[in-house]
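Me: I am new to this structure and would like a friendly walk through it. Could we take it one question at a time?

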Amino acid sequence: MKLRIKYAKTGRLKFIGHLDVMRYFQKAIRRAGLDVAYSQGFNPHQLITFAAPLGLGVTSEGEYFDGEFHSATTTEDMVNRLNAVMAEDMRVLDVRLLPDKAKTAMAVVSASDYLVSVRSGYYATETDRLFGHFQDFLEQKQIEIIKKTKKSEQLTDIRGMILEAHISAAQSFYMKLATGSIANLKPELVMEAYCNFLGISYDPFGFQVHRLETYMDGEQGELISLAAAGDILA
Amino acid sequence: MEKLALSDEILMTIEKPARYIGGEINHVKKDLSQVDIRFAMCFPDVYEIGMSHLGIQILYDMLNKRADTWCERVYSPWVDLDRVMREQKIPLFALESQTPIKAFDFLGITLQYEMCYTNILQVLDLSGIPLWASERTEDDPIVIGGGPCTYNPEPIADFFDMFYIGEGEVVYDTLLDLYKECRKNVWDRAAFLREAAKIPGIYVPSLYNVGYHPDGTISNFTPKYEDIPQKITKQVVMDMSDATYPEKPLVPFIKVTQDRAVLEVMRGCIRGCRFCQAGMIYRPVRNRSLEDLKRYAVEIIENTGHEEISLSSLSSSDFTELPELLNFLIEEMGERKVNISLPSLRIDAFSLDVMSKVQDIRRTSLTFAPEAGTQKQRNVINKGLTEEDIIEGARQAFLGGWNKVKLYFMLSQPFETYDDIAGIADLSERIAEVYYDTVPKEERTGGPVSITASASFFVPKPFTPFQWAPMDTMESFQEKAHFVKDRFREQLNKKRLRFTYHSADVSLLEGILARGDRRLAPVILEVYKNGGIFDAWSEFYSHERWMKAFENHNLDPEFYLTRERAEDELFPWDFIDIGVTKRFLLEEWHRAKEGRMTPNCRMSCSGCGVAKWGGGVCIEAKN
């Protein structure tokens, strides 16, 4: 059976890279004694796949991975068993049973919600400007940035990948951005473009990015959270 | 969450920030107001190396089992963070509490190899602790060293307040109880050191005077006070069931060098290879019980979630209950989908059978460690492995489907001739021929047979029969290596053979430090002051920096390296009693000269001296 596990990665664990998170969960599943399926051969590995990788330094409360399991108990029991063997800043939030024909999390991810806050000590004299013109920035028809790859630099219009954005109540920037293999936009790039728009220098340490949720396309083309594709095990 | 010692800005700009954040699975947190003793345990190398070390896990577990003690960890900051900490004057901190080392009661440093000596100074310096023990004040932690290099601690003696010589399980409680007692009164560092020096196994270097002959050898090594012992006796756990095992070892977030569960099956080695220090200093052989090991294996896997388990010992093939243990592990770990990583076992029918069950034969190579090329030379070094053993092992392995063989050798051994090193190529050729004689043409699948021989530069070590031996020169080693390389090119199956050898500058330094004396401390300090850290990493090692420091201090490296030591010379490490007597080592040195073998401890007792402790293999043989 296919299970989808939702977790949060906060605090000091934002310094653990994606590959290490994968290794972390393989060990955690073993510690929790969950009935995960393994590949064949001399070096069997767990059949788990992760949704959208999170950059180093970014925190999240909307991370997912899928796993093939031989058996499952209840959502509550599995969440508790995993959390009993977790590190402090890594929490399992939900376990859902997926339909058999469900595609893997990695294949279906289409968008993510982010909260970008200004870190204390940064942009102190520019706070008003920073929070005063976000709407103007978004109202542009085109937002062009230079996307650097290993081989080339390319001028890209990111406006279409910003699905929704506004200043949130907590004096931070909320944004829903295209995520996944077809279109992918990182919030850092939006902030860089916004700083360019304001004519103030972009400081990569000036912002703390936090992912709130990861989405996929629902049957009517609407965005639903990855968890919503599965059922709670009661 | 409590604050990290390093800011996000620093952590985001250095390599692998997870090295410095702590919080790993199974780490121990305690309430500072509830503990009397804060102990910082340091492995003076990068995190991934230090976290792979079983000894630290054992001590961490043992010390934290005391309610009054909180043991935390600290490793050498990598060169990138080292630079930042110096620039921004950030004090070195322990991982668990993220607070400065300087505030601790003890800083324990494990000494696993000589090339970490400059890193010791890095750790002290970044902590803000005076490098010379004599300059420390009442506010500084007690700096204590442990591990294999304490069997000659003299080159670094002046940087340490004390050394613990032997296995940590024995007198740490006594030492910490004494410390607590001394802390109840007005704290007097010197008085504590003086008392601690009376605990068996505790060596306080500042309480001893060393005198030298005009030729530079040691004339006397004397305690400054009458109540301070002449000899320091190594501490050894005689009943392994008394030695607790960390059933909840730490699990790092990032991939470390040994990313697996480790099961220590025994301590010591019965073999008595004459070049091997571990084989002498860890005598006698002591097994853990099969039942304990089975229980630990399951507990460790359940508590860590590791996907691999490995056995640790000097020679696992000599563990008496190895078949029972391996059969248990194959079954139990197979069900749990945990891989078994086998240490180098002696190649025979049994080990080949086990290996074929747990490894992919096509991908793994078989390892033999003949160490020398001829039987004559293997007798000199007392390596009880015959050419017949190797040929027969290889034959069975080839029949079993293996076709890659690795051979380990050492060059520049005592009494070695060019015939002996020619034997390295000849033996490798013979193994290739065994393949073609054994495996019929139609069964030679999976690529051609490949034999890789590699040679290292032999370094004489204290407390071995070769402690009297001169080390070879660099020029001579290079010549020999080239000779062997040429000899490989002359072999019939030369295309199936490969010979590599390790560059040797660093071996010379290892040789100097291994048998060095107290006069080396200023040299080590100068190298450190000139930027020397991470000497164990070839990209940071500078031979010139070391040689210049020797010159500046008027010390001749050859005094420590190529000098033939007299049989009655007083060595810097002779104040340590490892159980094995100097008389026995000297007899072994003589037997080596004559090419005579000494039987292993299970065949018969050769009277090395450790039987006085009445345990392990010494009594096993008499039952």
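**A guided tour in questions**

Me: Let's start with a polar contact of 2.7 Å made by the side chain of His210(A). Which residue's side chain does this contact join to His210(A)?

Reply: Happy to help, and please keep in mind that this is a predicted model. His210(A) lies in strand 10 of chain A, which covers residues 207-217. The polar contact of 2.7 Å links its side chain to that of Thr59(A).

Me: Which residue shares a polar contact of 2.5 Å with the side chain of His210(A)?

Reply: Leaving out residues up to four places away in sequence, His210(A) touches several others, among them Val58(A), Ser60(A), Asp113(A) and Tyr114(A). The side-chain polar contact of 2.5 Å is made with Glu61(A).

Me: Is His210(A) buried or exposed?

Reply: The relative accessibility of His210(A) is 15%. Buried means under 20%, so His210(A) counts as buried.

Me: Now to Leu177(A): is this residue buried or exposed?

Reply: Leu177(A) sits in strand 9 of chain A, residues 172-178. Setting aside neighbours within four places in sequence, its contacts include Tyr114(A), Met161(A), Leu163(A) and Val190(A). Because its relative accessibility is 0%, Leu177(A) counts as buried.

Me: How far apart in space are Leu177(A) and Ile48(A), C-alpha to C-alpha?

Reply: In sequence, 129 residues separate Leu177(A) and Ile48(A). In space, the C-alpha to C-alpha distance is 25 Å.

Me: Which residue in strand 12 of chain A is the bridge partner of Leu97(A)?

Reply: Strand 4 of chain A, residues 90-97, runs antiparallel to strand 1, residues 2-9, and 7 bridges join the two. There, Leu3(A) has Leu97(A) as its bridge partner in strand 4. Strand 4 is also joined by 2 bridges to strand 12 of chain A, again antiparallel. In strand 12, the partner of Leu97(A) is Asp231(A).

Me: Over in chain B, which strands are the edge strands of the sheet?

Reply: The sheet is open, with 6 strands in the order 2-1-3-4-5-6 and mixed pairing. An edge strand pairs on one side only, and here that applies to strand 2 (69-75) and strand 6 (202-203) of chain B.

Me: What angle does the direction of helix 6 of chain B make with that of strand 1 of chain B?

Reply: Helix 6, residues 172-184, packs on this sheet and touches strands including strand 5 and strand 6 of chain B. Those two strands run antiparallel, joined by 2 bridges, and Phe163(B) stands opposite Tyr203(B) in strand 6. With strand 1 of chain B, the direction of helix 6 makes an angle of about 135°.

Definitions and conventions: Residues numbered from 1 in each chain as written. Chains lettered and ligands numbered in written order. Predicted model: local features only at pLDDT ≥ 70, side-chain atom pairs only at ≥ 80, totals over all residues. Heavy atoms only, no water. Pairing = 2+ DSSP bridges. Helix = DSSP H or I, 4+ residues; strand = E, 2+ residues; numbered from the N terminus. Contact = heavy atoms within 4.5 Å. Axes fitted to C-alpha atoms, helices over the stretch in contact; angles between N-to-C directions. Buried < 20%, exposed > 50% of the residue type's maximum accessible area, 1.4 Å probe, protein only. Polar contact = N/O pair within 3.5 Å; in protein donor to acceptor, adjacent residues only side chain to side chain.
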